[in-house]
Amino acid sequence: MKIIKILFIVFLFSFTGNIYAQTIVSGSVTNEEGNPVFGATVSLTNTENTFGVLTNGDGAFELNVPQGSYNFEVRYLGYASNQQSVAVNSNTAVELGAIVLIEAAENLQNVEVIGRARTDYNSDYSFSATKVAIKNKELPQAITSVTKELMTDRLAFQLPDAVKTVSNVAVTGLYNHYNIRGITQGDDGQVLNGMRTRQYYFLQPITSHLERVEVIKGPSSVTFSSADPGGTVNMVTKKPLTEKRSEVSLTTGSFGTLRATADFTGPLNESKTLLYRFNAAIQEADSFRDVVNNNAILFAPSLSYIPNESTSLNVEMIYSDAEGNLDRGQPIFGAINGEFDLNSTPITRNVGASSDHYKNKEFIFMANFSKKFGDNLGFNAQYMKQTWDEDLAEHRVGGTVVDIEGNVIPTLARLRYDERQQFWETNNFSTFFTYDIKSDKVTNKILVGYDGTRWERKIGAGFLRARRYLTVDGGQSNFDPDNADNFQQIVVDGVTIPKPAAAFFDLENPFNGARNVNDYGLAQLSIPANLSTSDGIYLQNQFKVGKFSALLNLRYEWFNDIFNYKGDEEEFKTSAFVPRLGLTYEITNDISAYATYLEGFQPHTNTVSLSPTAEGFFWSTSPSRFDPLESSLTEVGAKGEFLNGKLFANLAIFNITQKNILLGDTYDLDNLTTRGEQRSTGFEMDISGYISPNFQLTASYGFSDAVIVEDAIVEFIDQPIGGAPKHNANFWGRYDFMGNTLKGIGVGFGAQYMAERFTWYNPTYDTNRVLLPNYTVCEAAVFYKPNNTGIQLTLKINNLFNETYWLGGLNPSRLGPGAPRNFLLNATYKF
């Protein structure tokens, strides 16, 4: 907790240095027509202090500051900033008069090496979808960005909380795992700054070092190589800024939550060619769930070198060390008369032991270099290295307990115990050339590039496992009542049962203390090293003629998988052409319509770790011997900017298909096949921005009719895809009072509706699915920002009406309940 003490000292000293404001600086802000600009951001900054205020309904502002020389700036969305130098003398008021803002379009950098200037819920551009800067309204594909301002206002400290406001995005349980547009993710790798990483999805990533989170809808393999058909969640890190900004934040709340974050940025030299940013976060938190906690520490420094307008270099590192418990979810009693009772156990119920643990350590280095050769030719190169280590000890439900005749005992759960270690190293390299052709009527942007990715599961991975039932010869096996004498037996409450290899959990009389695993029938298994490489070359052409524009892509990808790397190697190769064709037409200056078609593919090495029917591939053989998962997207939609760029809306109608889904029996790898197919058709709408200068919001609605077209389980055909709600809707808004009486006070309110959906884990050997009920959960916040202090206090209440609900679930023994009513209290200081 030493970092919390340091941050607190910084907080106190910085606050003390700002309490002696004496002199009034005032003025007003208008547009070119002379109308007052309500809610413009006015700031006075020097090397020691930063002061800020919003203009009132008359466009007027007033700041109390100590004497000194300041850089004065006025910013408002859709207008060029107004900057000037201001000298403030003690006890002499400064009247700046009327300041006129000029309309201006926001200029985009070619690649993202400098941080985003906007400070609202909108991010109107993306680099990830096309490799280069493109405004979202010009992109013929739905993309929704969750900005750091939205995450901050909602106190969304972890990734699933951040993306819950996006249409057609539903978490599938308690992990960093999603159903997007009705398609449940198969790949547990993360996408960071447009580059793929490799890690498991169990612990939820911290968001304090993120500038925004982008949800790019549909199969984006043309950009990201192997990509999930429903969509890709891309995390974009904060980059250095040319102006000095400093921020510390302290949070406490329910379930023993303690957090602290810090964010410092600015120039390192007078010419502002060398910039820095440093982000840090620490969390200690328990949970409403039994014996579950989530502790984490993160450091993320970065540097940007920009010697001139044509050259830039950004280097950043991320160190993350997380330790907690792997929460496998709430188990419920076995089916009685064919029905499961969600309330048969409390939502706090967890079968884990207090001696369990889950540790993740991750280290990432990233570098990006950009160079322009004249007005037309540009070059970009990006590299990333990631190391990721896993250390796990867990108890989880392994199945039902049966008596010696094979009858299920619904109140008992057979436990499975695992100790597992893994070590991954990932390398990414991406480079491309751009060439721009411009004339009075035609704009043509050509991009040619290469991507290379290397994932290696290193030698030394393995696990100890106790599961199923113990045989008399000391082995482990599924119980066969016809050969009951082959199994060890015990008596529980007068009932003879085969002895579980690990233990059993009594749902009526739970025990979560430390468990002695020495008596377990532990089997030792190795996880063979694995090397997967992916190489892609691609061509992209974005051209515009008048109001018509097109985005054309063609990518050729070749993939190589070596199972049991540096051992008795098995090598498999596959390749694919991946196209994208997108058309956009500007109906007006603010509204455009688009249509797109694109395809995706995923080698099954990138899908099996989340596949309920392919667990055996984890250590037995390479899934790359099967045809890759293929997908396609057809989408039409419209995008619009309103209120002079302050409000953005996206509407889309889509159809996604995926085939070659790996299906079969996890216990018999020879029976696995890629005969599955799924389809999702739907509609979605996302709106974000300012309704008025002191009221901003984000709202979304999504509909998806996601069905199973072909499956090994005949009764599932034409049934909903597991984890896919048919409807979801979200709202969050913040209103800041501007009058003198309530000045400095703001309120926030949000709501999320999720329709019913099935659990998504349904292998052929256990076809039980639970239908989870729909829910509506509300949240509210109160903000207090004393004038000229840089301080904001936030009180946030989640699950305002204390609803009992389930986010999702894998199967009846692994449901993901939502948290009951809880609160967070946050203090943020900007200086």
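Let me begin with a term: two strands are said to pair if DSSP finds at least two bridges between them, and the strands themselves, like the helices, are DSSP runs numbered from the N terminus, with at least two residues (E) for a strand and at least four (H or I) for a helix. What we have in front of us is a predicted model, in which local features need pLDDT of at least 70 and side-chain atom pairs count only at pLDDT 80 or more, while totals for chains, interfaces and linings use all residues. Residues are numbered from 1 along each chain as its sequence is written, and side-chain values use heavy atoms, with hydrogens and water left out.

With that settled, let us turn to the strands. Strand β2, residues 41-45, runs antiparallel to strand β5, residues 68-75, and five bridges join the two; within this pairing, Leu44 has Phe72 of β5 as its bridge partner. Strand β5 is also joined to strand β6, residues 82-88, by seven bridges, again antiparallel, and here Glu73 stands opposite Gln83 of β6.

Further along the chain, which order do the strands of the five-stranded open sheet follow? The order is β10-β16-β17-β14-β15, with mixed pairing, and the edge strands, each pairing on one side only, are β10 (143-147) and β15 (195-196). Inside this sheet, β16 (residues 210-217) and β17 (residues 231-237) pair in the antiparallel sense over seven bridges, and Leu210 faces Thr237 of β17 as its opposite residue.

Strand β16 also brings us to the charged pairs. A salt bridge is taken here as a side-chain nitrogen of Lys or Arg within 4 Å of a carboxyl oxygen of Asp or Glu, and by this rule the count comes to 34 salt bridges. In one of them, the side chains of Lys217 and Glu684 meet at 3.0 Å, N to O. Because Lys217 lies in β16 and Glu684 in strand β40 (residues 668-692), this pair ties together parts that are 467 residues apart in sequence. Are these two residues buried or exposed? Both Lys217 and Glu684 are buried, a word that stands for under 20% relative accessible area, with exposed meaning over 50% and partly exposed in between, for a 1.4 Å probe and protein chains only.

A second salt bridge joins Asp263 and Lys238, at 3.2 Å from N to O. It links distant parts of the chain, with Asp263 in strand β19 (residues 257-267) and Lys238 in the loop between β17 and β18 (245-253), 25 residues apart; Asp263 and Lys238 are, once more, buried. A third salt bridge, between Glu630 and Lys659, has an N to O distance of 4.0 Å, and since Glu630 lies in strand β38 (residues 629-642) and Lys659 in strand β39 (residues 647-665), the pair ties together parts that are 29 residues apart in sequence. Here Glu630 counts as partly exposed at 35% relative accessibility, and Lys659 likewise counts as partly exposed at 41%. Finally among the charges, a network of salt bridges links Lys131, Asp451, Arg555 and Glu557.

Let me move on to the aromatic rings. Rings of Phe, Tyr and Trp (its six-membered ring) pair if their centres lie within 6.5 Å, and planes under 30 degrees apart count as stacked, over 60 as edge-to-face and the rest as tilted; the structure holds 20 aromatic pairs. One of them is formed by Phe683 and Tyr701, whose ring centres are 6.4 Å apart and whose planes stand at 45°, so the pair is tilted. Phe683 is in strand β40 and Tyr701 in strand β41 (residues 695-710), so that distant parts of the chain, 18 residues apart, are linked. Phe683 is partly exposed, with a relative accessible area of 29%, and Tyr701 is partly exposed at 27%. Elsewhere, Tyr175, Phe202 and Tyr358 form one aromatic cluster.

One arginine deserves a mention beside the rings. A charge sits over a ring if NZ of Lys or CZ of Arg is within 6 Å of the ring centre and within 35 degrees of the ring normal. The charged end of Arg198 sits over the ring of Trp424, 5.5 Å from its centre, and Arg198 also lies over the face of Trp455, at 5.3 Å from the ring centre.
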